[in-house]
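I opened the notebook to look up two things: aromatic pairs and the chain contact. Entries follow.

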Amino acid sequence: MIEEEIKQLVIAQLNIEPEQYSEDLMAGDIPEWDSLAHVNLLMAVEKRFNIVFDVGDAIDIESAGDLIDAVKGSTQPPS
Amino acid sequence: MQLLTDILPAQAAIRPEAEAVCDPNESLSYAALLERVNAVAFGLHGAGVEPGDRVAIVMPNSVDFIVAHFGVLAAGAVSVPCEPGVSDATLASIVASCSPKLVLRNSDDVFKKWIQVGGCEAPKVERSPTDLAALMYTTGTTGTPKGVMLTHANVLAALRNICAFIGYTEADREVVVLPLSHNFGLGHVYCNLMSGGAVYTEPGLTRVGRVLRKIRDWGATGFPGTPLGCVMLMDRYGEVFRERCAGLRFMVVNSAPLPPKRAKQLREMLPDLDLMVYYGLTEASRSSFISLTREGPECYDSVGPAMDGVCIEISDTGEVLVSGPTVTFGYWGEPERTAEVIRNGKLHTGDLGELDARGYLRITGRIKDVVNVGGYKVVPEEVERVLLTHASVADAGVAGVDRVEAFVVLADGAEFDEAELSRHCFAQLENYKVPTRYHCVEAIPRTDTGKPRRAALLKPSEDSSC
């Protein structure tokens, strides 16, 4: 399930406690999610799902929820 | 203009309705900014802050930060800007060092109350150009923060040079995401306000899409950054960076050397950009400046000639020495440390450099072992001390170039657990100090006196890992 996998990736990449995670958690909300961590997180997600985000989409990914939407958009055919 | 506190009243008289500062949440004209600054100064005065008292500011980049900083100055006090993510231990060191009368946070009810009061006049205080304006805490070689004393005259001497070199005008609008607790970011705020321009600020490049959108939609003319930030923007977000930053007039890149190949890449991506770099320490802001655009590729490894009134020399040992009106007169409460660094009026920078026939400076290396992570200075000893408090670590060494790497020798029977070591460091250190790579090694190479040989750590032999 994409939601759960993103959750685990965010927790692992940012070194945060599971209780700190929510889909509304945004870059910059916590000190652990700074610009370098953001890039590393995007790369980890790309590697895990074997996708490459379009730059125009990646640049506006700001939250865990945005990541989930972006992965879904990259891995699922449009209905 | 003799004092930093002269800047806002002068601009508010000339262009009261012009936009001065903004962040993602609000925008203030010069008149509104001055009113809010006066309200904070009035509040500080009422709270017992007197001229010369220190006031620490722990706030993220925001309009509030700028208001607080100028409010402290308007109260005649000394601003002590701190990282918003400062650890309790570091803040305790700063507080112990300079005994601030107050520590201001924008989450404080009292601060929120002050900035809502209208119609205040700043308290009447007598200040002179040689009075302290700010204490800028930087990390020293021991990892203990040291407060660089900057007077109004020090800062204004640097600002006049920067404004002239960059050619700031009232038409400039600059997006500043560099930490305002550092001279580099704060300097760009000062320059715009001195010139009647405007500043947008937010904390870092974390919301990079929003920052680049602001640059395009707001019509920003300037965007100071670090080499690390530029590399990230070019490599990760190249197309969008190019499109949204096409209207920029200039970028100043600093806090670490910009590699020539990256300067070339940036010039190719944004050919109309005036790309500038400089050399400066907190102790001597902007000692030299150069426009790589104007000087051309043969100067991409240079940081330019000394600014007006500044003297740059190279000592017999190759160390860069700086003197002139921008140089601090020392570290707060540390006469011995000051005497080590400032001798005969010359700042001993700890950097190695060369001057060419035209007097252009090139930095060739660093005497100290400090790791520069995107402008944030990490002292290896401090990180080593934290690592050594973990039960699994028998010995530790820290080194790195642009990133912090940890080398650990395991205690008997212990297992190598990078995630656990990282958690341990995150719990005790600021984020940027936490190693991003961990190596398990059999021994830490040391000198005869027991100091880690950090260069050797970074070039381990193949059989040295455990």
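I looked up B:Phe70 and found it buried, because its relative accessibility is 3%, under the 20% cut-off. The model is predicted.

I checked B:Tyr190 next. B:Tyr190 is buried too, at a relative accessible area of 3%.

I then counted aromatic pairs. The rule gives 7 over all chains. B:Phe70 and B:Tyr190 make one pair, with ring centres 5.9 Å apart and planes at 85°, so I noted it as edge-to-face. This pair joins distant parts of the chain: B:Phe70 sits in helix H3 (residues 63-74) of chain B and B:Tyr190 in helix H7 (residues 183-195) of chain B, 120 residues apart.

I also noted one aromatic cluster, formed by B:Phe165, B:Phe184, B:Tyr278 and B:Phe289.

I moved to the contact between the chains. Chain A puts in 23 residues and chain B 21 residues. Together they bury about 1,700 Å², with 58% of it on carbon and sulfur atoms. I asked which three residues supply the most of the area that chain B buries against chain A. They are B:Thr206, B:Arg207 and B:Arg236, with 39%.

I looked for charges across the interface. The rule finds 4 salt bridges between chain B and chain A. I wrote down the salt bridge between the side chains of B:Arg244 and A:Asp60, 3.9 Å from N to O. I also logged 7 residue pairs in polar contact across this interface.

I sorted the chain B side by element. Helices H8 (208-217), H9 (227-244) and H14 (418-426) of chain B each give two or more residues. H9(B) gives the most, with 8 residues. By class, I listed 9 nonpolar, 5 polar and 7 charged residues on the side of chain B that touches chain A.

Definitions and conventions: Residues numbered from 1 in each chain as written. Chains lettered and ligands numbered in written order. Predicted model: local features only at pLDDT ≥ 70, side-chain atom pairs only at ≥ 80, totals over all residues. Heavy atoms only, no water. Contact = heavy atoms within 4.5 Å. Buried area = accessible area lost by both parts, 1.4 Å probe. Polar contact = N/O pair within 3.5 Å; in protein donor to acceptor, adjacent residues only side chain to side chain. Helix = DSSP H or I, 4+ residues; strand = E, 2+ residues; numbered from the N terminus. Nonpolar A, V, L, I, M, F, W, Y, C, P; charged D, E, K, R; others polar. Phe/Tyr/Trp six-rings, centres within 6.5 Å; stacked < 30°, edge-to-face > 60°. Buried < 20%, exposed > 50% of the residue type's maximum accessible area, 1.4 Å probe, protein only.
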